[in-house]
Every structure is written in C-alpha cells, then in structure tokens.
Amino acid sequence: HAQLVESVGGLVQAGGSLILSCAASGNIFSINVLGWYRQAPGKQPDLVAAMSSAGSANYADSVQDRFAISRDNAKNMVYLQMSSLKPEDTAVYYCNAYIYSAAGLRHYWGQGTQVTVSS
C-alpha cells in the first residue's frame, strides 16, 4: 500500500506566497497523476492543479498564472507553489495521486492541510 503526507499549510497575508509539499511513501511501483484539490468551507472539493508522470500540468482557471505544480519523481514528491494568494484561496488543500503499488492501481488522498489567506 501507499500513503500521502502533506506539509503543514499556514496563515499568509493576501498577496503572499506559500509552498505545499506532499510525499508519497510505501511499496510504490509507479505514480501516475499527482495533484492537489482544495475544499473551502461548505463547498465541494475542487481540482487546483495536476501533473502527469510525463510532466504535463493542468490548472484550475482560478489559479492559472498564480500557482505552479511540480513533481520530483525520484523522491515521489509533488509541490504546489502558490503566489499572489487571495482570501478566496483559503481552503483545506489535499494532495492526491494515482499510485500503482503491490495493492494495484489505487487513488490515494493526503490528510489535508489548512491554508488561510487573510485580507
């Protein structure tokens, strides 16, 4: 099996920056898509950004040109660099990945990390 562990989020002022990281561990054979979702209070989770194993990335329109996703395949890690943060970026951010392990191909989620942007 595998698991995803995210770094601690934090509180940042509007216009500031923050980097989230997520580490995948376990008996991993390969990782397909790695990405980030976020869930604001009272709302459904939304995709923020995702990156394929080949490095192709896609972003939500709301974060395009402000957020950047990257991954280190050798370390089984994914990062989300967030800049020009806005109060509406406040949410719990979840790392997720499609991981092929001894348990087969499964979709995994991290525990979530709070990001709060103050105005």
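Start with the order of elements: colour the protein by secondary structure and, from the N terminus on, you'll read β-β-β-β-β-β-β-β-β-β-β. That comes to 11 strands and 0 helices, where both are DSSP runs numbered from the N terminus, helices being H or I with at least four residues and strands being E with at least two. What you have open is a predicted model, in which local features need pLDDT of at least 70 and side-chain atom pairs count only at pLDDT 80 or more, while totals for chains, interfaces and linings use all residues. Residues are numbered from 1 along each chain as its sequence is written, and side-chain values use heavy atoms, with hydrogens and water left out.

**Zoom out**

Switch to the C-alpha trace and turn it along its principal axes: the span is about 45 × 25 × 20 Å. The radius of gyration is 14 Å, which agrees with the value near 14 Å for a compact globule of 119 residues. That radius is taken over C-alpha atoms, and the globule rule is 2.2 Å times the number of residues to the power 0.38.

Now put a surface on. About 6,200 Å² is exposed, with carbon and sulfur atoms supplying 50% of it; the areas come from the Shrake-Rupley method with a 1.4 Å probe, and for residues only the protein chains shown count as cover. Of the 119 residues, 40% count as buried. Buried here means under 20% relative accessible area, exposed means over 50%, and partly exposed is in between (1.4 Å probe, protein chains only).

Want to see the charges? Select the 7 positive and 7 negative ones: their mean positions are 5 Å apart. Lys and Arg count as positive, Asp and Glu as negative, with His and the chain ends not counted. Each charge is placed at NZ of Lys, CZ of Arg, CG of Asp or CD of Glu.

One more overall number: among contacts between residues at least 6 apart in sequence, 56% join residues at least 24 apart. A contact means heavy atoms within 4.5 Å.

**Stop 1: the aromatic cluster**

Select Tyr37, Tyr94 and Trp109, which form one aromatic cluster. The protein has 3 aromatic pairs. The rule is that rings of Phe, Tyr and Trp (its six-membered ring) pair if their centres lie within 6.5 Å; planes under 30 degrees apart count as stacked, over 60 as edge-to-face, and the rest as tilted. Look at Tyr94 with Trp109: this pair is edge-to-face, 6.4 Å centre to centre with 80 degrees between the planes. Tyr94 sits in strand S9 (residues 91-101) and Trp109 in strand S10 (residues 104-109), so the pair ties together parts 15 residues apart in sequence. Trp109 itself is partly exposed, at 41% relative accessibility.

**Stop 2: Ala2 and Ser21**

Go to Ala2 in strand S1 (residues 2-6). This residue is buried, with a relative accessible area of 13%. Leaving aside neighbours within four places in sequence, Ala2 touches Ser25, Gly26, Ile28, Ile99 and Tyr108. Measure across to Ile28 if you like: 26 residues along the chain separate the two, and their C-alpha atoms are 6.6 Å apart.

Then pick Ser21, in strand S3 (residues 18-26). Ser21 is buried at 18% relative accessibility. Beyond its neighbours within four places in sequence, its contacts are Val5, Glu6, Ser7, Trp36, Met77, Val78 and Tyr79.

**Stop 3: three loops**

Most residues other than glycine have a negative phi. Which phi does Asp65 have? A positive one, about 75 degrees, although Asp65 is not a glycine. You'll find Asp65 in the loop between strand S6 (57-59) and strand S7 (67-72), exposed at 74% relative accessibility.

Ser84 is next, with a positive phi near 50 degrees. Ser84 lies in the loop between strand S8 (77-82) and S9, and is partly exposed at 40%.

Move on to Ala103, in the loop between S9 and S10. Ala103 is partly exposed at 25% relative accessibility. Apart from neighbours within four places in sequence, Ala103 is in contact with His1 and Tyr108.

**Last stop: Ser118**

Finish in strand S11 (residues 113-118), where you'll find Ser118. Ser118 is partly exposed, at 27% relative accessibility. Neighbours within four places aside, Ser118 contacts Leu11, Val12, Gln13 and Ala14. Add Gly15 to the selection: 103 residues separate Gly15 from Ser118 along the chain, and their C-alpha atoms are 9.4 Å apart.
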